[in-house]
Amino acid sequence: MTRWRCDTWTCTSSKKRSTPKPLCPTPRDSNLSSSPRWPLAWLLSFPLLPSAGAPGDLHHRRLYYRRVEEGKQYLVLCRRLVSLNEEFISHKSPAAGFDFTSGKKIEQKLLDYNQEAERFGGYAYEELSEVSPDHKFLAYTMYDKDNDYFTLSVRNLNSGALCSKPQAVRVSNIAWAKDGQALIYVVSDQNKRPYQIYCSIIGSTDEDALLLEESNENVYVNIRHTKDFHFVCVHTFSTTSSKVFLINAADPFSGLTLVWECEGLAHCIVEHHEGFLYLFTDAAKEGQEADNHYLLRCPVDASFPSRTWESVFIDDQGLVVEDVDFCKTHMALILREGRTYRLCSVSLPLPAGKGVVHLKELHPHFLPLPKYVSQIAPGPNYDYYSSTMRFTISSPVMPDAVVDYDLSYGKWNIIQQQNMLRERTRILYGTASSATISLNAKSGESVNELKSDSDNLWNDLSEFYSCEQYDVPSHDGISVPLTIIYSPKYKKENQNPGLLHGHGAYGELLDKRWRSELKSLLDRGWVVAFADVRGGGGGGKKWHHDGRRTKKLNSIKDFISCARFLIEKEIVKEHKLAGWGYSAGGLLVAAAINCCPDLFRAVVLEVPFLDATNTLLYPILPLIAADYEEFGYPGDIDDFHAIRNYSPYDNIQKDVLYPAVLVTSSFNTRFGVWEAAKWVARVRESTIYDPKRPILLNLTTDIVEENRYLQCKESALETAFLIKMMES
């Protein structure tokens, strides 16, 4: 499956998995899950996932889903047959039994993560999981926080027992082969560099076979299987070169076949469809650096020296292909025109003999979308033979909508979406109230031009909260996208407090999804703003590169420009602006208050990266090439001076009044808790003390991101802090 965001449902690999984990955790929930971040009140059900199956095998297709049991901390993974969906019930024991009271079958409980927590010291954090193609086994990796690595386990889904092998540690990727009889996995070294590929035959007593070992310490290894399970793709990459190999999934011991290579670090994802290989990449094109991804294809049976990859689409300067997904009958494209996202499908196979064409010549069908879409994330879409694809649609003024689009018949279902306007949420899968609407969009017609009675089905909150977009000139004249949301009912001219979010690192999109905890601020008249500064995503590779390494100050100045814009335009009242940053966004916001401490009244920094100089010079945690590419190589004199200029810890002003600050971090070693402690101590020591502007440090022993109760407590703490600081 050619998609870029890894989820916790399957290990179908992604753009995120093409590179190792960066030094800084990515924005909350954006790095590990394409599922929405559900609020605590929603405990009944999670999206149902149609499983892969052979063509026509409708009676044996299964729905895999996760749900939360009342009073339990962690999720439970379950499944039921698609054909008998309505005949099953949940929350009953024994699992996979029969309930005589209701006269219904009981779902099969596959994995209880509350029990997994007992195996791993009271903590359950899963990074990868994938059900075998024959539905007999589940391979998954769990985080061992005592040893700071991920442990691989394989569970027999019929008996519920753990398999004796493979049981490996420091596993970074998994992929099934031989129709579920073999599991291929990647092992990392002590520095967390993925470098070895093993193949394990399930049920065999033989030792796992080593398929590849990369001895070059600068080269990283990643694997994924194609959606049809014909091949396992191996991506080896460094800052100087990238290569893609194929392993025949039917015979994983037959060796690796090179199908693509290029100079420099490039994202390379290969998919197979009916005799053709499709490559989605951002590699340099004809010697020129590509600003965005593009799609290539070639026959699968071509030999490498003579293999010719041809473009599928003619470049369109105004249209960017952000993501691609495949099924047997269609190709789905996530497109972006400026700030506007679009979603369309193209029938497969592509016409023969046409060569490179404009997208419109393939008669794409554009799918309905709500207003103000900020992100479209492909779901697992595990069933290659199904023409129904799942996407999560995000907007600043709409709770995330999990939507199934039937690409063959032009219908769509809102599978799940929180309804903020009612006491309960809408859980529509398999019920008569399911929203099924035919697609009437003509080829090329903009989704925003669609006029139908279906607008109210999105649970759009734009009736209550307004969304506006601005282009803010930065210090060098570059326009920085700024998105704001507010309640017209409570907004007052030049009286509103405001909260400005920023991230600006690793080329990642700023998370502008609706979050229910923001409602408390919006209903108190707050303006919530999102600054898409350089260094982040949404503007191509150049936008990312213009905000990293020696150009990192661009990100910081962009953020300051957006803050000043909010005040100068009287969108936010002076001395009532707060900043919020997570991880690398914490560096951004902390550096901004070093430059302009009087610009902000309060700041929230979550697990922030604050001591860039010392961390990059003397890494206690293992660093990877992506970290140095992002923040700079201290051994390079220009990079070193740039790091010293922006590093928050090294640029705290003396005898100056700073805004109130709440810093949250974790004792878990993945986050480097000492950075937050050092920074807070120096700010307290160096700046002017004001009891109305406290510098607070909140530490936890667990990773808040994977603990839903701690998430709610932390959100409540942050909200209370912001409200209190604005009132004082």
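**Notebook: a sheet, two cores and a lysine**

I began with strand S9, residues 137-144, and found that eight bridges join S9 to S10, the two running antiparallel. The model I examined is a predicted one.

I then looked up a single pair in this region: tyrosine 140 has serine 153 in S10 as its bridge partner.

Next I traced the sheet as a whole. It is open, with three strands in the order S8-S9-S10 and antiparallel pairing. I noted strand S8 (126-131) and strand S10 (149-156) as the edge strands, each pairing on one side only. I recorded an average twist of 15° from one strand to the next.

I turned to the nonpolar cores. The largest has 55 residues, and those with the most contacts inside it are Leu482, Leu500, Phe559, Leu566, Phe600, Leu605 and Trp679. Apart from this core I located another, of 28 residues, including Trp514, Leu518, Ala602 and Phe721.

I listed the surroundings of leucine 500, setting aside residues up to four places away in sequence. Among the residues that leucine 500 touches are Leu482, Phe559, Leu566, Ala529, Phe530, Cys562 and Trp580.

Last, I examined lysine 552, which is found in helix H4 (residues 552-568). Is lysine 552 buried or exposed? I found lysine 552 to be buried, yet without a salt bridge. The nearest side chain of opposite charge is that of glutamate 630, 4.4 Å away; a salt bridge requires the nitrogen and carboxyl oxygen to lie within 4 Å. Leaving aside neighbours within four places in sequence, I listed the contacts of lysine 552 as Gly504, Ala505, Gly547, Leu587, Glu630, Phe631 and Tyr646.

Key
Residues numbered from 1 in each chain as written. Predicted model: local features only at pLDDT ≥ 70, side-chain atom pairs only at ≥ 80, totals over all residues. Heavy atoms only, no water. Pairing = 2+ DSSP bridges. Helix = DSSP H or I, 4+ residues; strand = E, 2+ residues; numbered from the N terminus. Axes fitted to C-alpha atoms, helices over the stretch in contact; angles between N-to-C directions. Core = buried A, V, L, I, M, F, W, Y, C linked by side-chain atoms within 4.5 Å. Buried < 20%, exposed > 50% of the residue type's maximum accessible area, 1.4 Å probe, protein only. Contact = heavy atoms within 4.5 Å. Lys, Arg positive; Asp, Glu negative; His and termini not counted.
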